[in-house]
Amino acid sequence: VKTWAMERATLPDESREELLAFLSGGQGAGYVPQSGEITGILKQMGDEMSKDLADATAAETTAIQVYEELMAAKKKEVETLQ
């Protein structure tokens, strides 16, 4: 690919230089890995999702309890009317 880009490709000079720099790894000299920051962001997202799941589960449990109490009251009301 490098030879093709240098000899045969009909690319503008700027694009050709970018392609050759990419292929030779020339832009990697100033690269600083950001994996620690990315890992931190992912951990934070995981913690937030776990908290949101716990909140949703608690809300659902409360709703189930309220529903069961309502159904019990309605069944008692129906039994009283019969």
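A helix, as the word is used on this tour, is a DSSP run of at least four residues, and helices are numbered from the N terminus. The model on screen is predicted.

**Whole chain**

Start with everything selected and coloured by secondary structure. The chain has 3 helices and 0 strands, and along the sequence the pattern reads α-α-α. Switch to a surface view: about 7400 Å² is exposed, and 60% of that area comes from carbon and sulfur atoms. Of the 82 residues in the chain, 5% are buried.

Now colour by pLDDT. The mean for the chain is 84, with 82% of residues at 70 or more. Select residues 2-7, which are helix H1; among the elements of the chain, H1 has the lowest mean pLDDT, 69, while H3 has the highest, 94. Where pLDDT is low, the predicted coordinates should not be read in detail.

**Helix H2**

Next select residues 13-24, helix H2, and find Glu-18 within it. Add Asp-13, Glu-14 and Glu-17 to the selection: together with Glu-18 they form a negative surface patch. Is Glu-18 buried or partly exposed? Its relative accessible area is 46%, so Glu-18 is partly exposed.

**Helix H3: the salt bridges**

Move on to residues 35-81, helix H3. The structure holds 2 salt bridges, and the next two stops show them.

Select Lys-51 and Asp-55 and display their side chains. They meet in a salt bridge, with 3.0 Å from N to O. Both residues lie in helix H3, 4 residues apart, or about one turn of the helix. Asp-55 has a relative accessible area of 41% and therefore counts as partly exposed.

Then select Lys-43 and Asp-47. Their salt bridge has its closest N and O atoms 3.2 Å apart. How far apart are Lys-43 and Asp-47 in helix H3? They are 4 residues apart, which means a separation of about one helical turn. Check the cover on each partner: Lys-43 is exposed because its relative accessibility is 55%, a value over the 50% cut-off. Asp-47, at 43%, is partly exposed.

**Helix H3: the nonpolar patch**

Keep H3 in view and select Met-49, which lies in this helix. Met-49 counts as exposed because its relative accessibility is 54%. Which residues make the nonpolar surface patch that includes Met-49? Add Ile-38, Ile-41, Leu-42 and Met-45 to the selection; with Met-49 they make a patch of about 500 Å².

**Last view**

To finish, show three selections together: the negative patch of Asp-13, Glu-14, Glu-17 and Glu-18, the salt bridge between Lys-43 and Asp-47, and the nonpolar patch that includes Ile-38 and Met-49.

How values were computed:
Residues numbered from 1 in each chain as written. Predicted model: local features only at pLDDT ≥ 70, side-chain atom pairs only at ≥ 80, totals over all residues. Heavy atoms only, no water. Patch = residues over 30% accessible without salt bridge, like charges linked within 9 Å, V, L, I, M, F, W, Y side chains within 5 Å. Areas by Shrake-Rupley, 256 points an atom, 1.4 Å probe, with all protein chains shown as cover. Salt bridge = Lys/Arg side-chain N within 4 Å of Asp/Glu carboxyl O. Helix = DSSP H or I, 4+ residues; strand = E, 2+ residues; numbered from the N terminus. Buried < 20%, exposed > 50% of the residue type's maximum accessible area, 1.4 Å probe, protein only. pLDDT = per-residue confidence, 0-100. Lys, Arg positive; Asp, Glu negative; His and termini not counted. Charge placed at Lys NZ, Arg CZ, Asp CG, Glu CD.
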